[in-house]
Amino acid sequence: MTDYRSVTSELKRAYDAKAEQRDKNPIREWQKELWVQFLQNLQDEDLTSLLEIGAGTGQAAHFFQGSGLEVVCTDLSPEMVRLCREKGLEAYEMDFLKLDFKDGRFDGLFAQNCLLHVPKKDFADVLQEIRRVVRPEGLIFIIMHGGRSSEGVREEDFYEPKRFYALYTDDELRRILERFFLILSFQTITRDEESATCSQAILLRNRQ
């Protein structure tokens, strides 16, 4: 059985080593469109405080902060946190199971391609922690890789150490999320017609 601590330790090393390279990666247009969509959702409800978990180098957080939101970032990687801070972002080194914030601290939460690193046996605990730090009726936006169900280290991964991934079918992911949140929208985005995987973009309402 996969151990959460060993997964996070390996991820920290992998992302520390690639932080500078990832910071130079261009922002994909389809991702930017999802950011704009979530920003509009928040603005429509006058929600102003946002936590981004697994924030990476802070590209998305920088966009949200530049659009007028109060943004706080967390990431496992000290190097990622450093790059967030260099962009003028408030950022902390934290993992998903220990978000050091008060209950209901944030109006919304954003998680882009990070929860896919959580072992399936720990996913419910992570979702509970997300639910705790977002205020009742707040909005949560999650982006995942999916389309098939799998779990384990990707042997073809070019990161070292190789990263652990947990992927879900749409139905599988819906069933888990519905235990904690109200699903407002669930988009499946195909980016490579030849690949069995896709991106899943889910807008959630926090309910407690």
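**Entry 1: helix α2**

Before looking at the first helix, I noted that the expected span of a helix is 1.5 Å times one less than its number of residues. I am working from a predicted model.

I started with α2, which covers residues 29–44 and so counts 16 residues. From the first C-alpha to the last I found 23 Å, close to the 22 Å expected at 1.5 Å a residue.

Next I asked myself which residues of α2 are buried. My list reads Gln31, Leu34, Trp35, Phe38, Leu39, Asn41 and Leu42. Looking down the helix axis, I saw these buried residues fall within an arc of 155°, so they line one face of α2. On the other side of α2 I noted Glu29 and Asp44 as exposed.

What covers that buried set? I found that the cover includes α3 (59–66) and the strands β1 (49–53), β4 (106–112), β5 (134–146), β8 (181–189) and β9. I also looked at how α2 is placed: the helix lies across β1, β4, β5, β8 and β9, and runs at about 170° to β5.

Two small things at the end of the helix went into my notes. Glutamine 43 belongs to α2 and is partly exposed, with a relative accessible area of 37%. Its C-alpha is separated by 9.1 Å from that of leucine 69, 26 residues apart along the chain. Just after α2, I came across aspartate 46 with a positive phi of about 55°.

**Entry 2: the sheet**

I then traced the strands. In what order do the seven strands of the open sheet come? I read β3-β2-β1-β4-β5-β9-β8, with mixed pairing. The edge strands are β3 (90–93) and β8, each pairing on one side only. Neighbouring strands are turned by 15° against each other on average, direction ignored.

A reminder to myself: strands of a sheet pair through backbone hydrogen bonds, either parallel or antiparallel.

I picked two pairs for a closer look. β1 and β2 run parallel and are joined by four bridges; here leucine 51 has valine 72 in β2 as its bridge partner. β4 and β5 also run parallel, with six bridges between them, and phenylalanine 106 is matched with valine 134 in β5.

β1 deserved its own line in the notebook. Is this strand mostly covered or mostly open? It is mostly covered, with five of its five residues buried. Ser49, Leu51 and Ile53 point one way from β1, Leu50 and Glu52 point the other way, and all are buried.

I checked α3 as well. This helix lies across β1, β2 (70–75) and β4, and runs at about 170° to β2.

**Entry 3: arginine 205 and glutamate 137**

I went to arginine 205 in strand β9 (residues 198–206). Is arginine 205 buried or exposed? I have it at 16% relative accessibility, and the cut-off for buried is under 20%, so arginine 205 counts as buried.

I followed its side chain and found that it reaches the backbone oxygen of glutamate 137 at 3.0 Å. Setting aside residues up to four places away in sequence, arginine 205 touches Glu45, Glu137, Gly138, Leu139, Phe181, Leu182 and Leu184.

That led me to glutamate 137 itself, which sits in strand β5. Glutamate 137 is partly exposed, with a relative accessible area of 44%. Its phi is near 75°, a positive value in a residue other than glycine.

**Entry 4: serine 77**

Serine 77 lies in the loop between β2 and α4 (78–86). I have it down as buried, at a relative accessible area of 1%. A polar atom of its side chain lies 3.0 Å from the backbone nitrogen of methionine 80. Beyond its neighbours within four places in sequence, I found serine 77 in contact with Lys12, Tyr15 and Asp16.

**Entry 5: backbone oddments**

Where is the cis peptide bond I marked? The bond runs from glutamate 160 to proline 161, with omega near -5°. Proline 161 is in the loop between β6 (150–153) and β7 (164–167).

I closed with asparagine 113, in the loop between β4 and α5 (120–133). Its phi is near 50°, a positive value in a residue other than glycine.

Technical notes. Residues numbered from 1 in each chain as written. Predicted model: local features only at pLDDT ≥ 70, side-chain atom pairs only at ≥ 80, totals over all residues. Heavy atoms only, no water. Helix = DSSP H or I, 4+ residues; strand = E, 2+ residues; numbered from the N terminus. Buried < 20%, exposed > 50% of the residue type's maximum accessible area, 1.4 Å probe, protein only. Polar contact = N/O pair within 3.5 Å; in protein donor to acceptor, adjacent residues only side chain to side chain. Contact = heavy atoms within 4.5 Å. Arc of directions from axis to C-beta. Pairing = 2+ DSSP bridges. Axes fitted to C-alpha atoms, helices over the stretch in contact; angles between N-to-C directions.
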